[in-house]
Protein chains: 2
Amino acid sequence: MSRTERPRGGAEPGHGAPGRRGRITRELVVRTALRLMDAEGLEAVSMRRVARELGVEAMSLYHHVRDKEDLLDGVIEAAMAEFPVPEDHPDWREAGRRIARAWRALLKAHPHVLTLLAHRREPLAAAAVLRPVDRALAVLARAGLSPEETVRAFRAFGSYIQGFVLAELAHLFGEGEPTPSAEVDLGPILAELPALAAHLRYLAHCDFDEEFEHGLDLMIAGLEARRAET
Amino acid sequence: MSRTERPRGGAEPGHGAPGRRGRITRELVVRTALRLMDAEGLEAVSMRRVARELGVEAMSLYHHVRDKEDLLDGVIEAAMAEFPVPEDHPDWREAGRRIARAWRALLKAHPHVLTLLAHRREPLAAAAVLRPVDRALAVLARAGLSPEETVRAFRAFGSYIQGFVLAELAHLFGEGEPTPSAEVDLGPILAELPALAAHLRYLAHCDFDEEFEHGLDLMIAGLEARRAET
DNA sequence: GTTGACGCCTTACAGCGTACACCTATACTG
DNA sequence: CAGTATAGGTGTACGCTGTAAGGCGTCAAC
């Protein structure tokens with residue numbers, strides 16, 4: 001824990017020039033890893049490969065990163081930090097939709113971040129994530145919910161968005177007909193699954209953008225219904 | 001594709017005894033891998049380790065499994081197949097909740113399955129997944145939705161459930177105060193994030209079971225509101 | 001009895017994360 | 001300015017990974 005302190009955010013404080021000799025920094029290592037991950041996938045992100053990309057030997061990275069897990073944490077954080085807080089909108093529903101869309105866009109821009117998140121088993125206390133959280137809470141609070149309900153709604157929306165992108169990336173939707181190879185004969189299977197058979201037509205294809213919006217509106221409608229109740 | 005045909009589901013068809021000599025089968029390999037994964041995590045699932053568990057050498061596995069990816073596909077499928085279709089309920093809302101709970105329970109019973117799913121980039125045409133899908137569709141259809149709306153609702157609910165468990169397993173919720181080490185000083189950060197600061201109390205802890213139900217009810221409410229509209 | 005296939009094993013290779021030792025140019029100290 | 005500490009680079013090595021290639025014994029069928 002005490003080793004390999006991360007360099008604080010804003011460039012070296014005061015004591016001297018920012019290291020004339022040191023060529024690479026944690027920041028640089030992490031960004032290289034992120035770029036590599038986006039371009040060539042998770043498997044491409046090896047210590048040796050990242051190092052080569054920087055014109056350096058693998059072991060050099062360990063002066064800037066505790067181990068590979070720490071590097072990947074940095075990658076998650078770096079991706080999160082890209083979140084572009086969208087412009088506000090007077091209607092809280094539309095403002096919320098914009099945040100949701102931005103979040104989905106971010107997760108799709110760095111598809112493997114979701115894999116990394118799924119892999120984690122400990123909380124990630126990243127300051128970079130907190131800003132989007134704050135924006136989302138602010139918008140939901142404007143919907144006239146109690147603080148407790150606001151947090152609940154935040155979690156529900158967050159779950160939906162992440163789950164949607166997960167399904168989207170893993171192609172969990174649209175798995176019915178369009179499998180071109182038709183590896184398995186669906187006939188006998190469908191005979192036992194009448195509901196599935198009845199909806200196959202609509203399961204077969206999926207306009208993700210449209211579907212995402214519909215789900216979002218569904219939750220918004222639920223929120224308003226609940227608010228009207230109390 | 002043509003190599004290593006998976007043994008069809010129902011025991012060897014007719015041509016002779018089921019292999020007197022062959023000691024291990026794809027089924028056995030996959031189940032061993034799943035057990036290992038649940039007990040010791042994803043990293044423990046290596047070809048050598050699974051083989052050792054079966055008292056066999058690593059390369060022997062390749063007679064029953066195309067490669068490691070194929071093995072892990074089998075693991076996903078095996079876990080999915082465990083889905084315990086819950087008893088029906090006259091009220092479609094309660095019936096839906098039961099399916100949702102069962103799905104969440106399954107994903108939590110085999111936490112790494114979600115990681116594997118997140119890792120996938122191609123559709124998984126697993127017959128084992130179709131049965132739960134069928135049940136869910138049947139229940140949602142009873143809510144009085146059009147087929148198209150039924151599929152939409154199915155996707156929305158599925159996204160929510162998977163996203164919730166993802167967040168739950170990665171500890172994405174409950175990240176505010178209770179970090180015991182208090183690695184970072186939240187003070188200065190919170191100054192810029194008023195909404196987050198205001199809700200910190202409720203963000204800090206999370207009763208997952210309760211929260212899950214609330215989100216579920218939120219979506220059900222949305223569904224009913226939309227149904228009332230049209 | 002011979003043949004052929006199947007199931008398992010051995011060997012080997014390239015790549016992985018990283019512990020450890022070493023070297024060197026820089027930056028601070030006296 | 002000389003001396004020294006140290007941060008940041010390198011090289012080597014170990015045990016692990018997935019899997020390609022080939023060998024070998026046992027079984028079923030002709």
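Which residues touch the most other members of the largest nonpolar core? In this predicted model, that position is held by Leu196(A) and Leu196(B), within a core of 154 residues. The neighbours of Leu196(B), leaving aside residues up to four places away in sequence, come from both chains: Leu130(A), Val133(A), Asp134(A) and Leu137(A) on one side, and Leu190(B) and Leu203(B) on the other. In soluble globular proteins, nonpolar side chains tend to be buried together.

The contact between the two chains was examined next. Chain A contributes 67 residues to the contact and chain B contributes 66. Together the chains bury about 6,300 Å², of which 67% falls on carbon and sulfur atoms. On the side of chain B, 12% of the area buried against chain A is supplied by Arg121(B), Arg155(B) and Leu218(B), a share that exceeds that of any other three residues.

The arrangement of the two copies was determined by superposition. Chain B is brought onto chain A by a rotation of 180 degrees with 0.0 Å of shift along its axis, and the RMSD is 0.1 Å. This is the relation of a two-fold axis. Because 100% of the interface residues of chain B are also interface residues in chain A, the copies meet through the same surface.

The surroundings of DNA strand D comprise 20 residues, among which Ser60(A), His63(A), His64(A), Arg48(B) and Tyr62(B) come nearest. Both chains are thus represented among these nearest residues. By residue class, the surface near DNA strand D consists of 8 charged, 7 nonpolar and 5 polar residues. On the side of the nucleic acid, 43% of the atoms of DNA strand D within 4 Å of the protein belong to sugar or phosphate, while the rest belong to bases.

Individual polar contacts of chain A involve the phosphates as well as a base of this strand. A polar backbone atom of Glu57(A) is placed 2.8 Å from a phosphate oxygen of DNA strand D, and a polar backbone atom of Ile24(A) is 3.4 Å from a phosphate oxygen of the strand. His63(A), one of the residues that come nearest to DNA strand D, instead uses its side chain, a polar atom of which lies 2.7 Å from a base nitrogen.

Conventions:
Residues numbered from 1 in each chain as written. Chains lettered and ligands numbered in written order. Predicted model: local features only at pLDDT ≥ 70, side-chain atom pairs only at ≥ 80, totals over all residues. Heavy atoms only, no water. Least-squares fit on C-alpha atoms with pLDDT ≥ 70 in both. Contact = heavy atoms within 4.5 Å. Core = buried A, V, L, I, M, F, W, Y, C linked by side-chain atoms within 4.5 Å. Buried < 20%, exposed > 50% of the residue type's maximum accessible area, 1.4 Å probe, protein only. Near = heavy atom within 4 Å. Polar contact = N/O pair within 3.5 Å; in protein donor to acceptor, adjacent residues only side chain to side chain. Nonpolar A, V, L, I, M, F, W, Y, C, P; charged D, E, K, R; others polar. Buried area = accessible area lost by both parts, 1.4 Å probe.
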